[in-house]
Every structure is written in C-alpha cells, then in structure tokens.
Amino acid sequence: MIAKNCTIIGLNNISLGNNIRIDSNVVIAASNGYLKLENYIHIGAGCFLGCGGGITFSNFSGLSQGVHIYSASADYSGKSLASPTIPKKFRNIKSGPVFFKKHSIVGANSVILPGVTIGEGTAVGALSFVCLSLDKWSVYFGVPVQKVNRRLDKLLILEKKLKKK
C-alpha cells in the first residue's frame with residue numbers, strides 16, 4: 001500500500017517486497033541511487049529517503065513519521081561548496097549505503113546520515129541523530145545517539161509464529 005500523495009523519483013531504481021506500507025507525504029529520491037524494501041516494511045508519513053548512496057530495509061524494519069535518511073550528503077566542513085546549484089568539481093559529496101537490518105525501527109523525526117547500519121533488532125528513539133552504525137538488539141536515543149538499553153529479541157519468536165500462519 002502506497003499513499004497517493006507520495007513523491008517518488010527514480011522508480012526504476014526501487015525494488016519492493018511484500019506487505020509494504022508507505023504513508024502520505026513521503027518523498028523518495030532514488031534517481032541517483034537505489035531503494036530496496038524487503039517484506040513487512042512500514043515508512044511513516046512525512047519521511048524523506050535520499051537514496052543517492054543506496055538504502056536497504058530488511059524484513060520487519062521501518063520508520064515512524066518524519067524520519068529523514070540521507071545516504072548522500074554535502075560536505076559542510078568549509079573545504080568545498082555545498083549546494084546542488086554548484087558544479088560538481090567544487091563540491092564534495094559524502095555517500096554511503098544505509099542499511100536497516102531485520103526488526104530495526106527508527107522513531108519520529110530522527111535523522112540518519114550516509115554509511116550507517118542500524119543493527120538487527122535495534123530501536124532508535126524519536127528526535128535522534130544517527131551518524132554512526134549501531135549495534136544489534138539495542139535501544140539508542142539522543143543527539144548524537146547513545147546506547148541506553150538492550151532490546152529483547154522476543155520479536156524473533158513472534159516472527160516465527162507469523163510465518164506459520
């Protein structure tokens with residue numbers, strides 16, 4: 001299920017599995033990269049997926065409302081110019097795939113930067129800033145994110161029950 005008012009650019013660079021829901025006002029920019037959605041994926045309303053370096057969602061992963069993912073981003077250090085209106089030779093783009101491993105979730109209005117992997121079963125709290133890869137089966141929160149707890153892996157038992165249906 002994909003809401004009618006989503007903006008999707010680069011449709012030929014997007015692959016979709018089964019049981020996917022993309023809510024309203026989501027922007028997917030995949031003209032210079034790829035987006036892979038496996039199975040049982042939810043993308044909440046108002047998310048932005050900048051797919052320049054590639055984004056992969058593994059089974060049972062998802063985003064709450066307003067999450068912004070940048071798999072490519074300008075260099076803001078002052079060593080180069082940072083605007084898409086500037087010729088490429090004057091810019092420095094940092095690019096790297098973003099991976100959401102199985103059962104990972106990200107809370108509302110969080111920001112994910114290039115080259116990050118959200119580990120299997122990991123939860124990221126709302127309003128978090130993720131610039132480094134995160135361990136599996138953990139809970140993270142903050143700006144920048146910090147590990148605050150372990151997450152139960154009971155989800156794997158529930159997954160098995162779902163597959164038996």
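1. Strand E20 is hardly covered: of its five residues, the number that count as buried is zero. The strand spans residues 146-150. The structure discussed here is a predicted model, and the points below start from E20 and work outward to the whole chain.

2. The partner of E20 is E19, and the two strands run antiparallel, joined by four bridges. One of the residue pairs is Ser138 with Arg150, the latter in E20. Four residues lie between the strands of this hairpin, and Gly142 has a positive phi there, near 120°.

3. The loop between E19 (138-141) and E20 also holds Pro144. The peptide bond that joins Val143 to Pro144 is cis, with omega at about -10°. For a reader new to this, most peptide bonds are trans.

4. Where does E20 stand in its sheet, and which strand stands at the other edge? The sheet is open and has seven strands, in the order E3-E6-E9-E14-E17-E19-E20, with mixed pairing. Its edge strands are E3 and E20, each of which pairs on one side only.

5. At the E3 edge, the pairing is parallel: three bridges join E3 to E6. Within this pair of strands, Arg21 has His42 of E6 as its bridge partner. E3 covers residues 20-22, and E6 covers residues 41-43.

6. Two loops deserve a look for their backbone angles. Asn19 has a phi near 55°, which is positive although the residue is not glycine; the residue sits in the loop between E2 (14-16) and E3. Tyr40 also has a positive phi, near 60°, and is likewise a residue other than glycine. Its loop runs between E5 (35-37) and E6. Most residues other than glycine have a negative phi.

7. Is Tyr40 buried, exposed or partly exposed? Its relative accessibility is 35%, so Tyr40 counts as partly exposed. The reasoning rests on two cut-offs, because buried means under 20% and exposed means over 50%.

8. A second open sheet has six strands, in the order E1-E4-E7-E10-E15-E18, and here the pairing is parallel. Strands E1 (7-9) and E18 (129-130) are at the edges; each has a single partner strand, so one side of each has no neighbour in the sheet.

9. At the E1 edge of this six-stranded sheet, three bridges link E1 to E4 (residues 27-29) in the parallel sense. Among the paired residues are Ile9 and Ala29, the latter in E4.

10. Taken over the whole protein, the secondary structure consists of one helix and 20 strands. Of the contacts with a separation of 6 or more, 20% are between residues 24 or more positions apart.

11. Why can the radius of gyration be said to agree with that of a compact globule? The protein has 165 residues, so a compact globule would have a value near 15 Å, and the protein has 16 Å, which agrees. Along the principal axes, the C-alpha atoms fill a box of roughly 55 × 35 × 20 Å.

12. Buried residues account for 38% of the 165 residues. The accessible surface is about 9,200 Å², and carbon and sulfur atoms make up 57% of that surface.

13. On charge, the protein carries 20 positive and 7 negative side chains. The centres of these two sets are 2 Å apart.

Notes: Residues are numbered from 1 along each chain as its sequence is written. This is a predicted model: local features need pLDDT of at least 70, side-chain atom pairs count only at pLDDT 80 or more; totals for chains, interfaces and linings use all residues. Side-chain values use heavy atoms; hydrogens and water are left out. The radius of gyration is taken over C-alpha atoms; the globule rule is 2.2 Å times the number of residues to the power 0.38. Buried means under 20% relative accessible area, exposed over 50%, partly exposed in between (1.4 Å probe, protein chains only). Contact means heavy atoms within 4.5 Å. Accessible areas come from the Shrake-Rupley method with a 1.4 Å probe; for residues, only the protein chains shown count as cover. Lys and Arg count as positive and Asp and Glu as negative; His and the chain ends are not counted. The place of a charge is taken as NZ of Lys, CZ of Arg, CG of Asp or CD of Glu. Two strands pair if DSSP finds at least two bridges between them.
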